[in-house]
Amino acid sequence: MTTILITGASSGLGAEMARQFAARGNDLALCARREERLTELRAEILAAHPDRRVETRTLDVLDDEAVFETFRAFRGDLGSLDRVVVNAGLGKGAPLGTGGQAANKETAMTNFVGALTQTEAAMEAFRDQQAGHLVMVSSMSAMRGMPKTMTTYAATKIGAAYLAEGIRNELHGKPLGRTVKVTVLYPGYIASEMNEKVAQRTKMMVPTDVGVRAMVEAVEKEVDSACVPRLPWAPLSVVMKHAPLGVFKKLM
């Protein structure tokens, strides 16, 4: 049994990760902005798994002080934070230069600056404990610069991935690197509130529970990185990175 903190846990991938991690015997620390959703999720999980411990707190990841306070409080509640899943994020966006700067900035602040603060708070706990597992939820859009409404989102997701990879680089070959693990997840099209419009345009979308199962399995294996689900996204990641721009645009 481990204690797992998940941000952005009130809906979508975060909520489903909470359900599946609980089913696998883990205690949970869940935080998000929507208190009512968190309360409902906690009740649902405890009804299915009454032996689990589920703590919840409301949190806006753009409130730096609150992030540190929340992570420290969860650690105090549960005794340790064995795993932190940096999942909170936004998918808003507009083509650059078209008047959508406010939406782009909100996404950039939440997905990158917010991820930075969460990572700082997680690593504070892990360095003190001398152990832990950081899980960064990136995106397949991080494989290459994306057009139009996805431009800012994709940039934030590669930035978040590099935060985690930088930590892995720092710890490699050091004693702490043997006890602090880092995983970056690159989800493809997994059904959630964030991508409801995409679901109408692609055949590659998988149901939330199926996609999240692939995420959870990768996390539990403590892999360095994973495109999830593996098919079709692991092979497609190579194409996305290296295909000529004309071919890439037809794929997307």
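## A kinked helix and three buried residues

Helix α4 has a kink of about 30 degrees, and methionine 109 sits at its centre. Keep in mind as you look around that this is a predicted model.

The helix itself runs over residues 101–129, which makes 29 residues. From its first C-alpha to its last, α4 reaches 41 Å, close to the 42 Å expected at 1.5 Å a residue. What comes after α4? Glutamine 130 follows the helix, and its phi is positive, near 65 degrees.

Now move along to helix α5, which covers residues 151–171 and includes threonine 156. Which residues does threonine 156 touch, leaving aside those up to four places away in sequence? The answer is Thr107, Ala108, Asn111 and Phe112. Closer to home in the sequence, a polar atom of the threonine 156 side chain lies 2.6 Å from the backbone oxygen of tyrosine 153. Threonine 156 counts as buried because its relative accessibility is 5%, and the cut-off for buried is under 20%.

Two cysteines can be set beside threonine 156 on the matter of burial. Cysteine 31 has a relative accessibility of 1%, so it counts as buried. Cysteine 227 is buried too, with a relative accessible area of 16%. The structure holds zero disulfides.

Here are the burial values side by side:

| Residue | Relative accessibility | Class |
|---|---|---|
| Cysteine 31 | 1% | buried |
| Threonine 156 | 5% | buried |
| Cysteine 227 | 16% | buried |

Notes. Residues are numbered from 1 along each chain as its sequence is written. This is a predicted model: local features need pLDDT of at least 70, side-chain atom pairs count only at pLDDT 80 or more; totals for chains, interfaces and linings use all residues. Side-chain values use heavy atoms; hydrogens and water are left out. Helices (H or I, at least four residues) and strands (E, at least two) are DSSP runs, numbered from the N terminus. The expected span of a helix is 1.5 Å times one less than its number of residues. The bend at a residue is the angle between axes fitted to the seven residues ending there and the seven starting there. Buried means under 20% relative accessible area, exposed over 50%, partly exposed in between (1.4 Å probe, protein chains only). A polar contact is a pair of N or O atoms within 3.5 Å; within protein, one must be able to donate a hydrogen and the other to accept it, and residues adjacent in sequence count only if both atoms are side-chain atoms. Contact means heavy atoms within 4.5 Å. A disulfide is a pair of cysteine sulfur atoms within 2.5 Å.
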